[in-house]
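Q: I'm new to this structure and would like a close look at one part of it. Could you pick a spot, go through it slowly, and then show me what lies around it?

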Amino acid sequence: MEILVCIKQVPDDSVEINLNSSTGKPNLEGVTQIVNAFDTYALEMATRLKEKVGGEITVVSIGDESVKNSLKNCLAVGGDRAFLVKDDSESLDPKSVSKLLIKAKEDIEANLGKKFDIIFCGKEATDYALGQVGLLVADELSLPVVTNVVDIETEGESAKIKQETEDGYNILEASLPCVVTVQKPNYEPRYPTIKTKMAARKKPIDELQPAEKPENTVEVVRVFEPVKRSAGVKIKTETAEEAVEQAIKLMTEAKVF
């Protein structure tokens, strides 16, 4: 089983990020760059599949030299080899990203002399949360695609896939090769050990230079900070009836009714 996992390096989403008042862009100074959370789920799911059926995992990402650190981390938790598509662009729209990933896939396949059976992507990135790249890759390659995947098994030339929906789950079957975008499963990604970290440091990260840089077709005009919630009102009364009466009075004054 030959597996390709596409990852993105993003700002740590556990840190509150504000906009730079002068540039109108997110202020990322001092914010640690990490592997996108949904991509870590994708890599863990791919690794579990590899452990069941055998094969190898190739990890690919787009970005500058700093992304190699994230790729090294991926090599320490399941990846067998990693490639970096060198691109110093401040931002790429999903269509441009999908084109670069498809070209990278073709170059890697030519380099390895093998074809990928499954392409794993996270369902979305935690910075802009557009959720389009996996779908665009599948569309361009005319491959079957399943979104919001929480489990996958393979048998022969097909994959049995568990998809999370708003109402529960679907069990779907897709022919290989295919693309899946991964939702958070019912397990957490594994942590690297000292041994796997040391092994990852010795593995090379090959660079891919895109022959032609795709042009963005979507432009981010403006970024807004979410509206900050005002402090709530605490109601302290002797009885439940008095609390309800006071709550209704407050909501009436706020013109909720």
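**Cysteines and their surroundings**

A: Let's begin with the cysteines: the disulfide count for this predicted model is zero. A disulfide is a covalent bond between the sulfur atoms of two cysteines. To be counted here, two cysteine sulfurs have to lie within 2.5 Å of each other.

Take C121 to begin with. Its sulfur has the one in C6 as its closest cysteine partner, but at 4.1 Å the two are too far apart for a bond. C74 also has C6 as the cysteine with the closest sulfur, and there the gap is 11 Å, so that pair is ruled out because of distance as well. Neither residue sits out on the surface, by the way: C121 is buried, since its relative accessible area is 5%, and C74 counts as buried because its relative accessibility is 3%.

So what is C121 tucked in with? One of the residues touching it is T181, which also makes contact with G122, K123, G134, V146, T147, N148 and V149, leaving out anything up to four places away in sequence. T181 belongs to strand β10, and a relative accessibility of 5% is why it counts as buried.

Let's widen the view to the nonpolar cores. The largest one has 36 residues, and V5, L71, I118, F120, I152, I161 and V180 are those with the most contacts inside it. Helix α1, residues 37-53, gives this core its largest share, seven residues. I161 is a nice place to stop for a moment: setting aside neighbours within four places in sequence, its contacts are V146, V149, D151, I152, N170, I171, L172, A174 and V180. And where does C121 belong? It is part of a second, separate core of 20 residues, which also includes V97, L101 and I108. You may have spotted V146 and V149 twice by now: T181 touches both of them, and I161 does too.

Now for some backbone oddities. Most residues other than glycine have a negative phi, and most peptide bonds are trans. Here are some places that go the other way. L176 and P177 are joined by a cis peptide bond, with omega at about 0 degrees. P177 is in the loop that links β9 (169-175) to β10 (178-182), and β10 is the strand that holds T181.

A129 isn't a glycine, yet its phi is positive, near 50 degrees. You'll find A129 in the loop from β6 (118-122) to α4 (133-141), and it counts as partly exposed because its relative accessible area is 40%. On the far side of α4, in the loop leading to β7 (145-155), is S142. S142 isn't a glycine either, and has a positive phi of about 55 degrees. With a relative accessible area of 65%, S142 counts as exposed.

Next, a spot where distant parts of the sequence come together. K203 sits in the loop between α5 (194-202) and β11 (205-208), and its 26% relative accessibility makes it partly exposed. K203 and R81 are 122 residues apart in sequence, but their C-alpha atoms are 7.2 Å apart in space. Leaving out residues up to four places away in sequence, K203 touches K72, L75, G79 and D80. There are plenty of such long-range pairings: of the chain's contacts with a separation of 6 or more, 68% are between residues 24 or more positions apart.

How about the outside? V244, I248, M251, V256 and F257 make a nonpolar surface patch of about 490 Å². M251 belongs to helix α6, residues 240-253, and counts as partly exposed because its relative accessibility is 31%.

Finally, step back to the whole chain. It has six helices and 11 strands, and its C-alpha atoms fill a box of roughly 75 × 45 × 40 Å along the principal axes. Of its 257 residues, 36% count as buried, and that share takes in C74, C121 and T181. The accessible surface comes to about 15800 Å², with 50% of it belonging to carbon and sulfur atoms.

How values were computed
Residues are numbered from 1 along each chain as its sequence is written. This is a predicted model: local features need pLDDT of at least 70, side-chain atom pairs count only at pLDDT 80 or more; totals for chains, interfaces and linings use all residues. Side-chain values use heavy atoms; hydrogens and water are left out. Patches are made of residues with over 30% relative accessible area and no salt bridge: like charges are joined within 9 Å, nonpolar side chains (Val, Leu, Ile, Met, Phe, Trp, Tyr) within 5 Å. Accessible areas come from the Shrake-Rupley method with a 1.4 Å probe; for residues, only the protein chains shown count as cover. A salt bridge is a side-chain nitrogen of Lys or Arg within 4 Å of a carboxyl oxygen of Asp or Glu. Helices (H or I, at least four residues) and strands (E, at least two) are DSSP runs, numbered from the N terminus. Buried means under 20% relative accessible area, exposed over 50%, partly exposed in between (1.4 Å probe, protein chains only). A nonpolar core is a set of buried Ala, Val, Leu, Ile, Met, Phe, Trp, Tyr and Cys residues joined through side-chain atoms within 4.5 Å. Contact means heavy atoms within 4.5 Å.
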